[in-house]
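Biologist: Could you walk me through the charged side chains in this protein? I'm new to this, so plain words please.

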Amino acid sequence: MPVIAFQGRPGAYSDLACRATRPGWATLPCRSFAETIEAVRDGLADEALLPCENSLAGRVAEIHALLPEAGLKIVGEHFQRVEHCLLCVKGARLEDVKRVHTHPVAMAQVRGLLARYDLEPVTEFDTAGAAELVAGWGRREEAAVASSLAGELNGLEVLLRNVEDAAHNTTRFYRVAPPDAVVESVAGQPMMTTLIVHVRHVPGALCDVLACFARHGVNMTRIESYMLGGSFEASRFLMDIEGAPDDRGVREALLELAGVSQDHHVLGTYRRSSFRGEM
C-alpha cells in the first residue's frame, strides 16, 4: 500500500489532509517537518504533505527554510478547511468542562469559545496530541480542540463542532515526492509552478524579476522572501505562478528571468487545485 507522510500525531489536521488528498493510502506520522521530508528521501513514504500557509496564521516558516534544500519535487497542492471540534471524554457535558487543551495556533483561533464559556486555555504541542492527553486523563473537566478525526481515533465525543472564530480558516499544503516522480496531468487542466529565485544585490533587482512575469502575462499568486547564508539582505524569494514551464508565456518569462536574476530553480509544476476557483 502506498504511504504518505505528515508531521504530527494521528488525527492531526495534516493526517486529515493526507486522507483527503490520497484516499486509501496509509498515513505515516512524523515528529518534525525534517523527519517528514527524510521519510520520502529514505523510501519510507512515497509522498509527503507539507503545510505551507494558512489563511489566518500566514506562512509556515520552517517549510520555506527546508523545502528548497530538500531534494524533493512539488507534485501537487491541497487546501484543507480547518474545522475545530471541542472534544471530551464520553458522558461529559459542556458545563463539566473547565480547561481546553490545544496547540497555540489553534488556541488563538477559538477565543470566542473560551470567552463564551469561561474556559481556561492550556497550550499543548499538537492538536491531536491534546486529544490523546484528554483521552488518557479520562476527566470530564478536561477538553481538547482538535479535528473530528482526532476525536474518533482517541475515543472522544464531539461536544461542539466548528468552534473556530473564522469560517475561512484554511491551510494550503504542498504535496512532495522524489525528483523522478511523474506529475499527474490532464489536458487543459490549469497548472501551477513553484520556484526559488536568487536576485542580484542591486537596486531594482526584484522589480526586474517581477517585470519578467508581468511582460509575458504570467500571474503570480504568492511571493515570500528569505535570508540567505546568514545575511539580513532578502535576496532569495519563493514564488508561485500560474502555468507550466512549457506554456509560451511562462517559458519566455523564465528565459528572461535567467538574464536578470543570479539564478532560479523550479521546485515543481503541478495541477492547480479546484479550491482556487472557490476562493
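Modeller: Below we go through salt bridges and the residues that form them. This is a predicted model, where local features need pLDDT of at least 70, side-chain atom pairs count only at pLDDT 80 or more, and totals for chains, interfaces and linings use all residues. Residues are numbered from 1 along each chain as its sequence is written, and side-chain values use heavy atoms, with hydrogens and water left out.

Biologist: How many salt bridges are there?

Modeller: Side chains of opposite charge can pair when their charged atoms come close. To count as a salt bridge, a side-chain nitrogen of Lys or Arg must be within 4 Å of a carboxyl oxygen of Asp or Glu. By this rule the count is 23.

Biologist: Arg 31 forms a salt bridge with Glu 35, so to speak; is Arg 31 buried or exposed?

Modeller: In that pair, the closest N and O atoms are 2.9 Å apart. For the labels, buried means under 20% relative accessible area, exposed over 50%, and partly exposed in between (1.4 Å probe, protein chains only). Glu 35 has 24%, making it partly exposed. Arg 31 has 72%, and that makes it exposed.

Biologist: Which residue forms a salt bridge with Glu 47, and where does that partner lie?

Modeller: Glu 47 is buried at 8% relative accessibility, and Arg 175 is buried at 8% too. Their closest N and O atoms are 3.0 Å apart. The pair links distant parts of the chain, 128 residues apart, with Glu 47 in strand β3 (residues 47–54); strands (E, at least two residues) are DSSP runs numbered from the N terminus. The partner is Arg 175, in strand β11 (residues 170–177).

Biologist: What is the N to O distance between Arg 139 and Glu 141?

Modeller: Arg 139 is partly exposed, with a relative accessible area of 35%. Glu 141 is partly exposed as well, at 27%. Their side chains meet in a salt bridge, and the N to O distance is 3.8 Å.

Biologist: Which residues are joined into one network by salt bridges that share partners?

Modeller: Arg 222 is one of them, and this residue lies in strand β13 (residues 220–227). Arg 222 is buried, with 6% relative accessible area. The joined residues are Glu 53, Arg 59, Glu 77, Arg 172, Arg 222, Glu 224, Asp 240 and Arg 276.

Biologist: Which side chain makes a polar contact with the side chain of Arg 222?

Modeller: A polar contact is a pair of N or O atoms within 3.5 Å; within protein, one must be able to donate a hydrogen and the other to accept it, and residues adjacent in sequence count only if both atoms are side-chain atoms. Here the distance is 2.9 Å, and the partner is Tyr 174.

Definitions and conventions
Helix = DSSP H or I, 4+ residues; strand = E, 2+ residues; numbered from the N terminus.
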